[in-house]
Amino acid sequence: MSESRIDFRKAEFLISAPDIAHLNEYLPGDVGVEIAFAGRSNAGKSSALNLLTEQKIARTSKTPGRTQLINVFKLDKHRRLVDLPGYGFAQVPLALKKKWQQALGEYLLKRDCLSGVVVLMDIRHPLKDLDMQMIEWAVESHIPVLALLTKADKLGQSDRMKMVNEVRKKLSHFDRDAVKVEPFSSLKGIGKNKALSILDAWCKPEWLLQQIEAEAADDE
């Protein structure tokens, strides 16, 4: 059973919510497939989303840490992209940091339709404590992770691959299928096609393809 490649350029804004409780109020149930994007506030998360969807779908800010909401974008009636609040920025008040971390933890642990997590990290400063916590949360919940090492254009090709291999080595205690590591640059487009290929696979679990096929049969 197969389906044509997902067109991420069709992503459109659906809803914003301060936490998972409000998210559940507005979304049509914990159904379908969601892919979450998480990362430190200065990791280039919004720029990555904009490149992958080929539109200015996520707001970028010169002041990291301004995005405090869970933003949801619809790909089609079965699939969504979720932009989680940035974490770990030093100038954000401690109480607000804790609130965001709680929202992130609740989303990862309680959202059954979550099919993959993209963790974005500056390639020059990867695997900080909160990055590792995010990856471990996802792996423990049996959710695959794509670790995107952003701003890869800041390094030459040799240094870039050296850092990618170092991060892969540090994460090698996880199953290879559980955590994938790739270089990425929103400015130069490095890693875009590889990332889209992984996201495409996450969007098409066998159970969802069977559901879509059954719905199509019912409509005939």
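## Strands, cores and charged pairs

Reader: Which residue in S5 is the bridge partner of Phe37?
Author: Happy to start there, with the note that this is a predicted model. Strand S2 covers residues 33-39 and strand S5 covers residues 114-122. Six bridges join S2 to S5, and the two run parallel. Within S5, Phe37 is paired with Val118.

Reader: And which residue in S6 does Met121 stand opposite?
Author: S5 also pairs with strand S6 (residues 145-150), again in parallel and through six bridges. In that pairing, the residue facing Met121 is Leu149.

Reader: Through which helix does the chain cross from S5 to S6, and is the crossover right-handed or left-handed?
Author: Good thing to trace in the viewer: this is a β-α-β crossover. The helix on the path from S5 to S6 is H4, and the crossover is right-handed.

Reader: How many of the residues of S5 are buried?
Author: The cut-off for buried is under 20% relative accessible area. S5 is largely enclosed by the rest of the structure, because the buried residues number nine of the nine.

Reader: Which residues have the most contacts inside the largest nonpolar core?
Author: That core has 42 residues, and helix H4 (residues 129-140) gives the largest share, six residues. Leaving out residues up to four places away in sequence, Ile135 touches Val119, Leu127, Val145, Leu171, Phe174 and Val179. Those with the most contacts inside the core are Ile135, Leu171 and Val179.

Reader: How many residues does the second, separate core have?
Author: Ala48, Leu196, Ile198 and Trp202 are included in this other core. Its size comes to 26 residues.

Reader: Which strands and helix do the buried residues of H2 pack against?
Author: Helix H2 (residues 45-53) is largely enclosed by the rest of the structure, because eight of its nine residues are buried. Among them are Ala48, Leu49, Leu51 and Leu52, as well as Lys45 and Asn50. They pack against strand S2, strand S4 (79-83), strand S5 and helix H6 (192-202).

Reader: Which residue forms a salt bridge with Glu54?
Author: Glu54 follows H2 and has a positive phi, near 55°. Side chains of opposite charge can pair when their charged atoms come close. The closest N and O atoms of this pair are 2.9 Å apart. The partner sits in helix H6, 138 residues apart from Glu54, and is buried at 16% relative accessible area: Lys192.

Reader: Is Lys77, which meets Glu215 in a salt bridge, buried or exposed?
Author: The N to O distance in this pair is 3.5 Å. Lys77 lies in the loop between S3 and S4, while Glu215 belongs to helix H7 (residues 206-219). Glu215 is partly exposed at 26%. With 60% relative accessibility against a cut-off of over 50%, Lys77 counts as exposed.

Reader: Which residues are linked in a network of salt bridges?
Author: The structure's count comes to 13 salt bridges. The side chains of Lys180 and Asp177 meet in one of them, at 4.0 Å from N to O. The network links Asp30, Glu34, Arg80 and Arg111.

Reader: How many disulfides does the structure hold?
Author: Cys113 is buried at 4% relative accessible area, and Cys203 is buried at 1%. The cysteine sulfur nearest to that of Cys113 belongs to Cys203 and is 12 Å away. A disulfide needs the sulfur atoms within 2.5 Å, so this pair does not qualify. The number of disulfides is zero.

Definitions and conventions: Residues are numbered from 1 along each chain as its sequence is written. This is a predicted model: local features need pLDDT of at least 70, side-chain atom pairs count only at pLDDT 80 or more; totals for chains, interfaces and linings use all residues. Side-chain values use heavy atoms; hydrogens and water are left out. A nonpolar core is a set of buried Ala, Val, Leu, Ile, Met, Phe, Trp, Tyr and Cys residues joined through side-chain atoms within 4.5 Å. Buried means under 20% relative accessible area, exposed over 50%, partly exposed in between (1.4 Å probe, protein chains only). Helices (H or I, at least four residues) and strands (E, at least two) are DSSP runs, numbered from the N terminus. Contact means heavy atoms within 4.5 Å. Two strands pair if DSSP finds at least two bridges between them. A crossover is right-handed if, with the strands pointing away from the viewer, the path from the first strand over the helix to the second runs clockwise.
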